[in-house]
Amino acid sequence: MRAVQYQRYGGPEVLEIAEVEEPHAAAGQVRIRVHAAGVNAADWKMRDGAFSGGTPLAKPAGVGLDAAGVVDEIGDGVTGVHVGDRVFGSGRATVAELAVLTDWARMPHHVSFAEAAATPVPIDTAVRMLAAVDAHEGDTVVISGAAGGVGTAAIQLARSRGMIVIGTASAANQEYVEALGALHTTYDDGWADRVRALAVAEVNVGLDVAGAGVLPQLIELTGDPAKVVSIADFSAPGLGAKVTTGGGDKRAALEEAVRLFESGDLRMIVEETYSIEQTPEAQRVSKAGHLRGRAVVEVVR
Ligand SMILES: NC(=O)c1ccc[n+]([C@@H]2O[C@H](COP(=O)([O-])OP(=O)(O)OC[C@H]3O[C@@H](n4cnc5c(N)ncnc54)[C@H](OP(=O)(O)O)[C@@H]3O)[C@@H](O)[C@H]2O)c1
């Protein structure tokens with residue numbers, strides 16, 4: 001089968017389409033015929049070698065953590081899903097014709113493969129962030145970096161849980177953030193004062209999604225470092241704030257996404273779709289850092 005892979009760390013040029021062995025679903029897993037795969041920042045960070053600790057790649061690495069497609073193989077012990085079901089979820093090497101998923105949920109009928117593929121990492125991350133700061137109904141939540149994949153999921157998740165959201169985004173994305181249900185301002189100078197002016201009551205929690213060096217302001221806005229969490233600025237613990245990098249219940253997060261899709265409270269916006277051959281370009285655009293929602297590789301077009 002065809003899959004995108006790389007044999008050494010580097011820029012988008014190291015990506016190649018290769019004929020590789022088909023993966024198989026081990027116990028507790030399903031294999032899908034991939035229709036679409038979401039492009040996450042982790043894809044190009046891994047490709048760059050950001051998580052390698054300087055050790056060269058030992059064997060070719062696949063690309064992609066999220067996908068949506070049709071189940072074609074079921075591992076031992078898996079129940080509640082059948083060959084032919086449309087599912088979306090998380091795995092490894094998902095930018096391929098076939099991929100194994102470790103966590104998945106069924107796709108609501110009205111959701112496209114591209115939209116479903118855009119969802120797993122963003123919803124899981126948004127759920128973890130709100131849990132890390134113990135956010136509750138009625139809280140005012142500030143999201144720094146509201147227009148990207150995680151921000152898109154986090155705004156809608158927080159709104160569905162009865163929170164008031166104030167998001168920061170570039171001037172070009174103000175209407176986008178508003179359409180998702182958040183109050184909004186740009187992130188240039190004076191943003192924290194503008195957030196204070198928008199908040200009808202006190203700001204209760206701060207979510208640092210973009211990792212743009214705003215932790216001190218978020219701590220000042222909430223008045224409590226324990227109410228601030230980052231996914232991209234690892235100076236947070238030194239300031240008393242939190243970092244989350246994983247460890248959540250991915251299946252529960254996917255099920256929450258299904259409920260929100262069905263109630264009409266969640267839309268994952270796919271700014272651009274790419275063919276499998278265009279995966280390097282999709283990663284380039286993701287790395288440029290101003291995507292609205294997600295970029296998605298459509299393996300079947
Ligand atoms: N730790 C974890 O578990 C975890 C999980 C997922 C992602 N992440 C990391 O979290 C970061 C965001 O992920 P993502 O998937 O949301 O990325 P993304 O989809 O690429 O979105 C990034 C967003 O950041 C915004 N942005 C750029 N500069 C900004 C600034 N100075 N202030 C505020 N917003 C700014 C951009 O919006 P504008 O166009 O409006 O500027 C863009 O939409 C990445 O570094 C990713 O690796 C970590």
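**Reading the predicted model: what each label rests on**

Reader: Why is aspartate 134 called exposed?
Author: Aspartate 134 has 12 C-beta neighbours inside 10 Å. A residue is exposed if 12 or fewer other C-beta atoms lie within 10 Å of its own, buried if 20 or more do, and partly exposed in between, with C-beta atoms placed from the backbone. Aspartate 134 therefore counts as exposed.

Reader: What kind of model is this?
Author: This is a predicted model: local features need pLDDT of at least 70, side-chain atom pairs count only at pLDDT 80 or more, and totals for chains, interfaces and linings use all residues. Residue numbers start from 1 along each chain, as its sequence is written.

Reader: Where is aspartate 134 found?
Author: Aspartate 134 sits in the loop between α3 and β8. Such names go to DSSP runs counted from the N terminus: helices are H or I over at least four residues, strands are E over at least two.

Reader: What makes the phi of aspartate 134 worth a remark?
Author: Its sign. Phi of aspartate 134 is near 50°, a positive value, and the residue is not glycine. Most residues other than glycine have a negative phi. Alanine 93 also has a positive phi, of about 50°.

Reader: Why does alanine 93 count as buried or exposed?
Author: Alanine 93 has 22 C-beta neighbours inside 10 Å, so it counts as buried. Its place is the loop between β6 and β7. Six residues separate the two strands of that hairpin.

Reader: How do you know that β6 pairs with β7?
Author: Two strands pair if DSSP finds at least two bridges between them. Five bridges join β6 to β7 (residues 98–106), and the strands run antiparallel. In this pairing, valine 87 stands opposite arginine 106. Strand β5 (residues 66–74) also pairs with β6, antiparallel, over five bridges. There, valine 87 faces glycine 69.

Reader: What makes β6 mostly covered?
Author: Strand β6 spans residues 86–91, and five of its six residues are buried.

Reader: Which strands are edges in the sheet β10-β9-β8-β11-β12-β13?
Author: The edges are β10 (183–185) and β13 (242–243), since each pairs on one side only. The six strands form an open sheet with parallel pairing. Within it, β8 (residues 140–144) and β9 (residues 164–168) share five bridges. Valine 142 has isoleucine 166 as its bridge partner in β9.

Reader: Why is glycine 167 called buried?
Author: Glycine 167 has 31 C-beta neighbours inside 10 Å, so it counts as buried. This residue belongs to strand β9.

Reader: What is glycine 167 in contact with, leaving aside neighbours within four places in sequence?
Author: Its partners include Ile143, Ala146, Gly151 and Val177. Contact requires C-beta atoms, placed from the backbone, within 7 Å of each other.

Reader: How are the three strands of the sheet β2-β1-β4 paired?
Author: The pairing is antiparallel, and the sheet is open. Its edges are β2 (16–19) and β4 (61–62), each paired on one side only. Four bridges link β1 (residues 2–6) with β2. Arginine 2 has glutamate 19 as its bridge partner in β2.

Reader: What domains does the assignment give the protein chain?
Author: Domain 1 covers 2–118 + 268–298, and domain 2 covers 123–243. The bounds come from an automatic or database domain assignment. Eight residues of domain 1 are in contact with eight residues of domain 2. The domain centres, over C-alpha atoms, are 27 Å apart.

Reader: How many residues surround the ligand?
Author: There are 31, and Ala41, Gly148, Ser170, Ala212 and His290 are the closest. A residue is near a molecule or strand if its C-beta atom, placed from the backbone, lies within 6 Å of it. Each of the two domains supplies at least three residues to this shell.

Reader: Which classes make up the shell around the ligand?
Author: The shell has 13 nonpolar residues, 17 polar and one charged. Ala, Val, Leu, Ile, Met, Phe, Trp, Tyr, Cys and Pro count as nonpolar; Asp, Glu, Lys and Arg as charged; the others, Gly among them, as polar.

Reader: Why is the radius of gyration said to agree with a compact globule?
Author: A compact globule of 301 residues would have a radius near 19 Å, and the protein chain has 19 Å, so the two agree. The radius is taken over C-alpha atoms, and the rule is 2.2 Å times the number of residues to the power 0.38. Buried residues make up 51% of the chain.

Conventions: Two residues are in contact if their C-beta atoms, placed from the backbone, lie within 7 Å.
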